[in-house]
Number of protein chains: 2
Amino acid sequence: MIQRAVREMEEYSVNRAKSEPKNGSMQATVIAEMRRRIIKGDIEPGAPLSELALADEFGVSRTPVREALKQLQTEGLVEIRPRVGTFVTIPSRREITELFEMKELIEGAAARLLAQRGRVPEIDLLERNLREADEAVERDDRERYAELVHEFHDLLVAGADNTKLQAHYRMLMNQLAYARLVMTSLSQPGRATQSDREHHLVLELILAKDGDSAEQVMREHVRASRRALLAGLPISGRHAGSGVASN
Amino acid sequence: MIQRAVREMEEYSVNRAKSEPKNGSMQATVIAEMRRRIIKGDIEPGAPLSELALADEFGVSRTPVREALKQLQTEGLVEIRPRVGTFVTIPSRREITELFEMKELIEGAAARLLAQRGRVPEIDLLERNLREADEAVERDDRERYAELVHEFHDLLVAGADNTKLQAHYRMLMNQLAYARLVMTSLSQPGRATQSDREHHLVLELILAKDGDSAEQVMREHVRASRRALLAGLPISGRHAGSGVASN
DNA sequence: CGGCCCGCACTGGCATACAAGAAGCAGTAA
DNA sequence: TTACTGCTTCTTGTATGCCAGTGCGGGCCG
């Protein structure tokens with residue numbers, strides 16, 4: 001088959017793997033790298049992940065690869081079908097909606113908590129972030145603005161000073177493969193400007209220590225971003241029917 | 001063809017509790033059983049888990065045990081210290097607080113969502129649950145009431161009809177080893193009665209489709225249960241004194 | 001007598017070999 | 001031509017052996 005030839009051609013891209021794993025175990029390297037690829041979108045959702053191929057590529061045996069995939073499964077990034085194969089999770093439209101519902105919940109709570117905490121280092125970082133974001137919007141630099149959006153939300157959650165909240169948030173964002181999606185949402189005309197304005201408002205309310213309003217506005221902001229995203233998303237009538245093994 | 005004869009011989013090596021007929025996978029069995037033990041408190045927090053010993057006990061090799069422990073680690077139930085050992089996670093007081101903050105958040109949201117959904121099957125189950133709970137309180141059957149409390153909260157979250165919410169909630173509860181804790185909280189005098197009353201109030205608000213109030217009361221209920229719990233908890237003086245994770 | 005150091009036993013990490021289900025493919029018969 | 005059947009070849013699941021880091025205890029030296 002032709003596909004086989006393609007697969008073999010890509011095997012040389014290992015050069016990075018060997019240089020990093022000095023500190024940690026191989027499986028940690030595999031986990032980090034595979035997660036990065038999936039989130040960034042290097043690997044297409046639904047694509048099969050062969051343990052053997054990955055082991056070969058990373059220059060390790062199947063064992064660490066297996067354990068890495070197992071972890072990525074509980075993180076919701078891949079789906080392991082016993083005796084069949086491992087595949088990159090393809091989130092259904094419904095799942096995306098659910099994830100955004102969670103996102104709204106967590107970020108809203110984070111905004112409230114941050115407001116209650118008063119002036120903490122994250123506040124300064126948020127202000128700096130917004131200054132940069134303003135410039136990016138001015139320049140119409142959507143790539144940079146997407147990064148800053150990501151940072152803004154991360155800072156907000158970090159500022160809530162709740163490691164569990166943060167952990168769940170990260171898992172959420174990974175499942176959303178947010179990096180892939182933000183650009184889509186920003187492709188909506190005027191969305192960047194609007195988004196930037198909403199960020200400013202949230203931070204103002206936080207500075208005013210108005211937790212209730214901060215939460216409410218933040219939640220509305222998430223809903224708006226979801227709308228912008230779904231509007232720019234292809235129809236995607238794919239059936240992601242197989243239940244996610246979430247025992 | 002020759003190999004076929006061999007396989008039959010080893011078929012019945014594992015014939016203990018077949019609680020998971022759905023998945024014949026050994027590691028799934030190990031995961032489920034170990035999770036049950038940890039959550040239920042059969043294994044003391046901080047206790048070492050030897051791969052070899054577990055493999056021996058379950059009648060399998062180390063491989064499925066390893067993968068099971070790996071998954072339990074990402075679920076936050078055990079901590080694997082490379083080259084040292086695997087230990088049941090000891091949640092610090094701060095972590096417990098954080099987990100309750102999340103619990104409050106999620107259950108509050110669930111109450112709101114359920115209220116918005118109107119009359120769904122879960123509502124009936126909740127009503128039945130409360131009737132039984134009333135009787136249990138009447139009889140002062142704390143054991144049974146603890147079960148019902150668990151079920152009440154589970155039903156509430158299930159009724160929110162958001163699988164992601166449910167998944168995160170389950171992980172949360174597992175980390176809390178809630179089953180261990182509920183009894184502690186109920187040991188506070190009058191807590192059971194109070195708790196039951198709060199449940200009733202929440203359900204009433206849900207039936208009235210008053211999502212805002214339902215969320216608020218639910219959150220207050222969680223805070224109350226946390227207070228009851230922390231009040232009944234020993235003063236952070238850990239029994240297993242050998243340098244556990246300081247967190 | 002006390003402190004240091006080396007070695008042993010135990011741990012998990014990784015590689016490798018084998019087993020067995022799943023799925024596609026080819027060949028045959030209707 | 002089409003549908004069915006059996007096989008071939010994928011895949012993951014499991015077992016086992018070896019390796020390397022860690023911690024502890026006993027022995028040796030000061």
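**View 1. Helix α4 of chain B gives the largest share of the surface near DNA strand D, three residues.** This is a predicted model, where local features need pLDDT of at least 70, side-chain atom pairs count only at pLDDT 80 or more, and totals for chains, interfaces and linings use all residues. Residues are numbered from 1 along each chain as its sequence is written, chains are lettered from A and ligands numbered from 1 in written order, and side-chain values use heavy atoms, leaving out hydrogens and water. Helices (H or I, at least four residues) and strands (E, at least two) are DSSP runs, numbered from the N terminus.

**View 2. 21 residues surround DNA strand D.** The closest are A:Arg62, A:Arg66, B:Met26, B:Ser61 and B:Thr63. Here, "near" is a heavy atom within 4 Å. Of the strand D atoms that come within 4 Å of the protein, 63% belong to sugar and phosphate.

**View 3. Some side chains reach polar atoms of DNA strand D, among them those of A:Arg62 and B:Thr63.** An N or O atom in the A:Arg62 side chain sits 3.0 Å from a base oxygen. For B:Thr63, a side-chain N or O atom is 2.9 Å from a base nitrogen. A:Arg83 has a polar side-chain atom 3.4 Å from a sugar or linking oxygen of the strand.

**View 4. Helix α5 (residues 93-117) of chain A packs with helix α8 (residues 163-176) of chain B.** Their angle is about 55 degrees and their axes are 8 Å apart, so α5(A) is oblique to α8(B) (not under 35, over 145 or 65 to 115 degrees). Chain A brings residues including A:Leu99 and A:Met102 to the contact (heavy atoms within 4.5 Å), and chain B brings residues including B:Leu165 and B:His168.

Technical notes:
Axes are lines fitted to C-alpha atoms, for helices over the stretch in contact, and angles run from 0 to 180 degrees between N-to-C directions. A polar contact is a pair of N or O atoms within 3.5 Å; within protein, one must be able to donate a hydrogen and the other to accept it, and residues adjacent in sequence count only if both atoms are side-chain atoms.
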